[in-house]
Amino acid sequence: MYHEDMALPGTIRITDVGPRDGLQNEPKSVATASKVQLVDRLQHAGVAEVEVSGFVRPDRIPQLADASEVFDGIERVEGVLRSALVPNERGWEAAQAAGVDKIAVFTSASESFSMGNINCSIAESLERFVPVVRAARSASIPVRAYVSCAVACPHEGPVDPDAVVNLVSSLLEMGVDEIDLGDTIGVATPEDIERLLESCSSVVEPGDLTLHLHDTGRGALACCLHAMHLGVHSFDTSCGGLGGCPFAPGASGNLATEDLVRCCQLLGVHTGVNLAAIREAAAGIEDELGRGPASITGMAMASQS
Ligand code: HMG
Ligand code: MG
C-alpha cells in the first residue's frame, strides 16, 4: 500500500480534543470560565473543530459535568464545528439542547475496554447508538463514531484489525458520517497504522477516516506522518498534549496540536492553525493546571521567549 513517493496531502484537518479528552482525566477541577476561554482560544487559533465536552455521567467523569454551561458560554466562531461526546439518548437530548454542531458516539474494538468505559458490550453499544444516530441525522447534526482500542487494549493487548473492520462496517451501515480510529493507549507504530488502514480500506478509504492518537510512546507524530503518506488527512490532537482516559490507566495525552502543526509547517502541509495562538491556548490551561509545557514545540517556544 505504501509507496515512498506517495505525496503528502496539501492540507490536513485538525480537531482539537483538548477541552474534552485533555481535561476528562484531570483530577484538579477546572473552572467553567477557564474551559470557555480554552475553547474560544482554540476556535480562534484556526482548528476545524473543537471537541468541547462530553454529555456523559457526571459521577463517572466529574470534570465534564458542566458540559451544558460550557456550551452556553462559548462563542460561535464561523467555520469551526463545536462537537461533544454523546454515549446514549440521554446524552443526545442534553447535547441537542446545548446547541452542539456535531456529536461523537464512542465504542471500542475491545470488549473489556467497552465494559469499563461505557458499561456495556460492543453489541449493546451499537444498539444504544441506533436511536441517537437516527435523531441526529433527522436534526441534520453530523455524527462521528470513535472506535477505541483500534490498535491495542489496556487489558487485552494487541487488537485484531478484523475486529476494527467489522465494527467500522456496522457503524457505517448505521449511518454515521465519520469514523475516528483511536489508539487509546498510545502504543501504535507506523507499521500498525499501515496494517490498520489497509484492513479498513475494504470498508472505508483512508481519506475518509480520522485518526486519534494518544502519545504515550512518543510515536504518534511518526504515525501521523506515515498516515498522511497513506492518504489520511484528518487528525485529532490536543493542545499542550493534554489528555488520557480514566478507563485506560497509564495512557497519556493525545499528540500535541502544536507538535503536529509545527511538523506540518516544516513540511509545507497547510493546517490553517496559528501556532502562536495554539500555544497561547495551551499555556493558559497549563497555568490553570499548575504545570509547564509538555509538548516538544511548547518547550522549544518557551525556551526561546
Ligand atoms: P450506564 O451506567 O450504562 O447508564 O452509563 P444507565 O442507562 O444504566 O443509567 C444509570 C444512571 O446514569 C441513570 O441515573 C441515568 O439517568 C444516568 P439514575 O436514574 O440512576 O439517577 N445516565 C446519565 N446521566 C447523564 N448523562 C448521560 C447518562 N446516561 C445515563 N449521558 C454511560 C453509560 C456511557 C453514560 C456511562 O458509563 C458513562 O458516562 N461513562 C463515561 C464514558 C466516558 O466519558 N469515557 C471517557 C471518554 S471515551 C475516551 O476517552 C476514548 C476516546 O478519546 C477515543 C480514544 O482515545 O480511543 C473517545
Ligand atoms: Mg482519547
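This section describes a parallel strand arrangement, a metal site, a helix and several loop residues in a predicted model.

The description begins with strand β3, which comprises residues 81-85. This strand is mostly covered, since 4 of its 5 residues are buried. Strand β2 (residues 49-54) pairs with β3 in the parallel sense, and 5 bridges join the two. Within this pairing, Glu-51 has Ser-83 of β3 as its bridge partner. Between β2 and β3 the chain passes through helix α3 (residues 67-73), and the resulting β-α-β crossover is right-handed. Strand β3 also pairs with strand β4 (residues 102-108), again in the parallel sense, over 3 bridges. Here Ala-84 stands opposite Ile-103 in β4. The connection from β3 to β4 runs through helix α4 (residues 89-98), and this β-α-β crossover is likewise right-handed. In a regular strand, side chains alternate between the two faces of the sheet.

Helix α2 was examined next. It covers residues 32-45, a run of 14 residues. At 1.5 Å a residue, such a helix should span 20 Å, and the C-alpha atoms at its ends are indeed 20 Å apart, so the expected and computed values agree. The buried residues of α2 are Ser-34, Lys-35, Val-36, Leu-38, Val-39, Asp-40, Leu-42, Gln-43 and Ala-45. An α-helix has 3.6 residues a turn, so residues three or four places apart point the same way. The elements against which the buried residues of α2 pack are β1 (13-16), α1, β2, α3, β3 and α11 (275-289). Thus the strands β2 and β3 described above are among the packing partners of α2. After the helix comes Gly-46, with a positive phi near 105°.

The magnesium ion (ligand 2) is coordinated by three residues: Asp-21 through OD, and His-212 and His-214 each through NE2, at 2.0 to 2.2 Å. Along the chain these donors follow the spacing D-x190-H-x1-H. The pair Asp-21 and His-214 links distant parts of the chain, the two residues being 193 residues apart. Asp-21 belongs to helix α1 (residues 18-24), whereas His-214 lies in the loop between β9 (209-213) and α9 (220-229). Because its relative accessibility is 2%, Asp-21 counts as buried. His-214 is buried as well, with a relative accessible area of 4%.

The loop between β9 and α9 also holds Arg-218. In contrast to the buried His-214, Arg-218 is exposed, with a relative accessible area of 51%, where exposed means over 50%. Although Arg-218 is not a glycine, its phi is positive, at about 60°. A positive phi of about 60° is also found at Asn-119, which is not a glycine either. Asn-119 is located in the loop between α5 (111-118) and α6 (122-138).

A further loop residue, Ser-295, is situated between α11 and α12 (296-304). With a relative accessibility of 2%, Ser-295 counts as buried. Its side chain makes a polar contact of 2.9 Å with the side chain of Glu-258. A polar atom of the Ser-295 side chain also lies 2.8 Å from the backbone nitrogen of Gly-298. When neighbours within four places in sequence are set aside, Ser-295 is in contact with Gly-240, Ala-256, Glu-258, Asp-259 and Arg-279.

Terms used:
Residues numbered from 1 in each chain as written. Chains lettered and ligands numbered in written order. Predicted model: local features only at pLDDT ≥ 70, side-chain atom pairs only at ≥ 80, totals over all residues. Heavy atoms only, no water. Buried < 20%, exposed > 50% of the residue type's maximum accessible area, 1.4 Å probe, protein only. Pairing = 2+ DSSP bridges. Right-handed = clockwise from strand over helix to strand, strands pointing away. Donors = N, O, S within 2.8 Å, 3.2 Å for Na, K, Ca; no water. Expected span 1.5 Å × (residues − 1). Contact = heavy atoms within 4.5 Å. Polar contact = N/O pair within 3.5 Å; in protein donor to acceptor, adjacent residues only side chain to side chain.
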